[in-house]
Amino acid sequence: MNRRSALAAFGAGLALTLAACGGGGAGSGSGDSSGSSGDASDITVGVAMPTQTSERWIADGNNVKAGLEKAGYKVDLQYANDDIPTQSQQIDQMITKGDKLLIVAAIDGTALSSQLSSAAAAGIKVISYDRLIRGSADVDFYVSFDNYKVGQQQGTSLLTGLGLLNPDGSKGTATGPFNVELFAGSLDDNNAQFFWDGAIDAIQPFIDSGQVVVKSGQTKIDQAATLRWQQEVAQKRMEDLLTSAYNDGSKVDGVLSPYDGISRGIITALQNAGYGTGAQKIPVITGQDAEIASVKLINDGVQYSTIFKDTRKLAEQVVTASTAILEGKEPEANDTETYDNGVKVVPSYLLESEPVTKENVTSALVDTGYYTQAEVDAGKAS
């Protein structure tokens with residue numbers, strides 16, 4: 001079963017669950033049902049996604065839309081093509097049109113305070129989707145993954161690929177020193193800091209011991225940041241690092257990458273410099289989001305790992321939380337301490353992620369129906 005059929009099964013299953021539970025689950029907390037009136041089909045939910053340049057966000061948008069529609073709601077799904085004014089305008093229009101709930105995956109987590117203030121004034125609740133919206137008291141709920149843990153998984157995966165750790169977390173047989181370069185996400189995305197902190201906490205002891213050497217000296221997140229998570233930006237930085245820090249004949253052994261698109265940019269720069277030919281191996285390179293092009297690279301032994309965040313489960317959780325809010329209930333949170341947006345601690349529901357290497361591509365991604373084996377082999381989703 002590929003993602004298209006899995007999506008249909010997910011939507012049907014979610015509809016049955018909501019019907020059986022009367023909108024329970026995450027909405028089973030205290031509260032009345034005065035949040036909405038009339039039939040669900042009279043309610044439109046605005047869904048603002050950042051871009052269609054990443055297959056991950058396309059899947060998110062489709063999954064959320066399908067789940068909400070199966071639950072009986074109308075959906076206004078908009079993509080902003082990574083343009084902040086466009087997303088701001090789209091959300092303004094959702095408010096003007098009378099959408100009853102907003103689900104927002106922000107391009108810039110600090111750029112929507114005006115829109116959220118208008119939503120609050122209109123009595124419209126806001127769910128921050130995967131990327132925390134910062135600087136506003138008008139964020140009502142947050143649904144995401146445990147992003148610090150994602151970073152830890154990336155850092156640990158890098159160390160495992162280098163042989164400094166075994167897969168079970170015990171000490172590996174390799175001793176180093178290994179030349180490693182560090183990449184971070186876009187600084188306007190709140191998640192980038194969590195990914196970085198988790199990864200650096202895993203790697204720092206090995207830097208301190210001298211087993212990992214960041215030859216460029218670029219060990220701060222602002223030095224390692226990749227604007228908008230863009231592949232081309234990452235490729236250019238990797239090319240610059242090779243020119244400036246590795247022009248003495250030394251080689252890169254590993255690269256911490258927080259996202260598969262960034263990973264592919266890094267790989268392109270390395271291959272253009274001769275890595276992956278002859279005896280010069282491609283370094284150990286991490287990633288995130290299990291994008292199909294990178295899954296093929298992992299299966300082919302080019303990229304070492306990715307972190308799989310099952311967006312089907314994320315969509316299911318946001319639909320459950322949405323139903324609770326629209327019924328006037330409090331959505332269930334499993335974290336009420338971690339996600340401070342600078343104005344308030346936003347109640348959150350965090351999901352688990354899974355590291356994927358060549359060894360578990362099949363069990364994690366094919367057997368679960370996220371991709372078919374044919375898609376993995378082709379490096380392209382059908």
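This is a conversation about a predicted model, in which a visitor asks how its features earn their names.

Visitor: What makes the pair Lys65 and Glu69 a salt bridge?

Guide: The side chains of Lys65 and Glu69 come to 2.7 Å, N to O, and since a salt bridge calls for a side-chain nitrogen of Lys or Arg within 4 Å of a carboxyl oxygen of Asp or Glu, the pair earns the name. As for their places in the chain, Lys65 and Glu69 are four residues apart in helix H2, and therefore about one helical turn separates them.

Visitor: Why are Lys65 and Glu69 called partly exposed?

Guide: The term covers relative accessible areas between the 20% under which a residue is buried and the 50% over which it is exposed. Lys65 has 28% and Glu69 has 39%, so both values belong to that middle class.

Visitor: How do you know that Asp240 and Lys236 form a salt bridge?

Guide: The closest N and O atoms of Asp240 and Lys236 are 2.9 Å apart, and because the cut-off is 4 Å, the contact qualifies. Both residues belong to helix H8, which covers residues 231-245, and they lie four residues apart, about one turn of the helix. Asp240 has a relative accessible area of 37% and Lys236 one of 46%, so each is partly exposed under the limits of 20% and 50%.

Visitor: What is the N to O distance between Asp300 and Lys296, and which network do other salt bridges build?

Guide: The side chains of Asp300 and Lys296 meet in a salt bridge at 3.0 Å, N to O. Asp300 is partly exposed at 45% relative accessible area, and Lys296 is partly exposed at 26%. A network arises where salt bridges share partners, and in this way Arg56, Asp60, Asp130, Asp289 and Lys309 are joined into one. The structure holds 16 salt bridges.

Visitor: Why is a group of 28 residues called a nonpolar core?

Guide: The name is given because such a set consists of buried residues of nonpolar kinds, joined through side-chain atoms within 4.5 Å. The largest set of this sort has 28 residues, and those with the most contacts inside it include Val47, Met49, Val64, Ile103 and Tyr129. Among the elements that each supply at least two of its residues are strand S1 (44-49), helix H2 (55-70), strand S4 (125-129) and helix H11 (311-326). The largest share, seven residues, comes from H11. In soluble globular proteins, nonpolar side chains tend to be buried together.

Visitor: Which residues is Val64 in contact with, once its neighbours within four places in sequence are left aside?

Guide: Val64 is in contact with Val47, Met49, Ile103, Tyr129, Ala315, Val318 and Val319. A second, separate core has 24 residues, including Trp229, Ala234, Ala269 and Ile282.

Visitor: What makes a space in the structure count as a cavity?

Guide: A cavity is a space where a 1.4 Å probe fits but cannot get out, and it is for this reason that the word is used. The search of the whole structure finds one cavity of 30 Å³ or more, and about 40 Å³ of space lies in the largest cavity. Its lining includes Gln154, Phe183, Gly185, Trp196 and Pro258, and helix H6 (residues 190-208) supplies the largest share of that lining, four residues. By kind, the lining residues divide into eight nonpolar, two polar and no charged.

Visitor: How do you know whether Gly185 is buried or exposed?

Guide: The relative accessible area of Gly185 is 1%, and because buried means under 20%, Gly185 is buried. Gly185 is found in the loop between strand S6 (178-182) and H6. Not counting residues up to four places away in sequence, Gly185 touches Ala192, Ala225, Thr226, Trp229 and Pro258.

Visitor: Why do the backbone at Asp82, at Arg228 and between Gly176 and Pro177 deserve a remark?

Guide: Most residues other than glycine have a negative phi, and most peptide bonds are trans. Asp82, however, has a positive phi near 60° and is found in the loop between S2 and helix H3 (84-97). Arg228 also has a positive phi, about 55°, and its place is in the loop between helix H7 (221-224) and H8. The peptide bond from Gly176 to Pro177 is cis, with omega near 0°, and Pro177 is found in the loop between helix H5 (147-162) and S6.

Methods
Residues numbered from 1 in each chain as written. Predicted model: local features only at pLDDT ≥ 70, side-chain atom pairs only at ≥ 80, totals over all residues. Heavy atoms only, no water. Buried < 20%, exposed > 50% of the residue type's maximum accessible area, 1.4 Å probe, protein only. Contact = heavy atoms within 4.5 Å. 1 Å grid on protein atoms, 1.4 Å probe; cavity = no way out; pocket = protein on both sides within 12 Å on 5 of 7 lines; lining within 4 Å. Points joined across faces, edges and corners; volume = space filled by probe spheres on them. Nonpolar A, V, L, I, M, F, W, Y, C, P; charged D, E, K, R; others polar.
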